[in-house]
Amino acid sequence: MVAVRSLNWTLQRSCPGIHLAQNSININIMNLVWAFDFTAELDDAGNPIEVDTFACHTGVATGPLPFRCRLTPRTPEKAEIISREFLEAGDIFAKFEFALSTEDKEYVSQSRAHIH
Ligand code: HEM
């Protein structure tokens, strides 16, 4: 497989973390593509909402502005694996769950309710 070189790793100096960071990015992208179908969100009339792929933050650390889309597990078996792994990784994820929406907070506390 050809590695995805997604980012700019050199400004004045080269990044010594390039292999760790790029491999992490590749693994995360592959997991997401394995697990989910990515499709457009629909508007009230049922038409797909187009995503502006050029709408980005500006500055040194760039990234896309918030956008809506649909992530659907590709099969029921994959949905099962995703839910199980999400629960098992709860202690690790919890450390990073500091800016969740109300909806996400509720989902997290409900989904982990039976293990605490
Ligand atoms: C998406 C992740 C990352 C991106 C996009 C990135 C990008 C960059 C860029 C552009 C520079 C050069 C900055 C300059 O010239 O002023 C840099 C420097 C550096 N990066 Fe990264 N990096 C990432 C992850 C990491 C990781 C995971 C580590 C360590 C494990 C790391 C350690 C460093 C260090 C120590 C420097 C300074 C090198 C020096 O001054 O000689 N980076 N990074």
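## The ligand shell and the fold around it

The residues around the ligand are L7, N8, W9, T10, L11, Q12, R13, C15, P16, G17, L20 and A21. Each has its C-beta atom, placed from the backbone, within 6 Å of the ligand. This shell divides into 7 nonpolar, 4 polar and 1 charged. Here Ala, Val, Leu, Ile, Met, Phe, Trp, Tyr, Cys and Pro count as nonpolar, Asp, Glu, Lys and Arg as charged, and the others, Gly among them, as polar.

The model is predicted: local features need pLDDT of at least 70, side-chain atom pairs count only at pLDDT 80 or more, and totals for chains, interfaces and linings use all residues. Residues are numbered from 1 along each chain as its sequence is written.

Now the fold. The protein has 4 helices and 2 strands (DSSP runs: H or I, at least four residues, for helices; E, at least two, for strands). From the N terminus, the order is α-β-β-α-α-α. The radius of gyration, taken over C-alpha atoms, is 18 Å. The globule rule (2.2 Å times the number of residues to the power 0.38) gives 13 Å for 116 residues, so the protein is more spread out than a compact globule. Its C-alpha atoms fill a box of roughly 50 × 40 × 30 Å along the principal axes.

Burial comes next. Of the 116 residues, 0% count as buried (20 or more other C-beta atoms within 10 Å of a residue's own, with C-beta atoms placed from the backbone).

Finally, the domains. The assignment, automatic or from a database, gives domain 1 (16–74) and domain 2 (75–116). Their C-alpha centres lie 20 Å apart.

Key
Buried ≥ 20, exposed ≤ 12 C-beta atoms within 10 Å, placed from the backbone.
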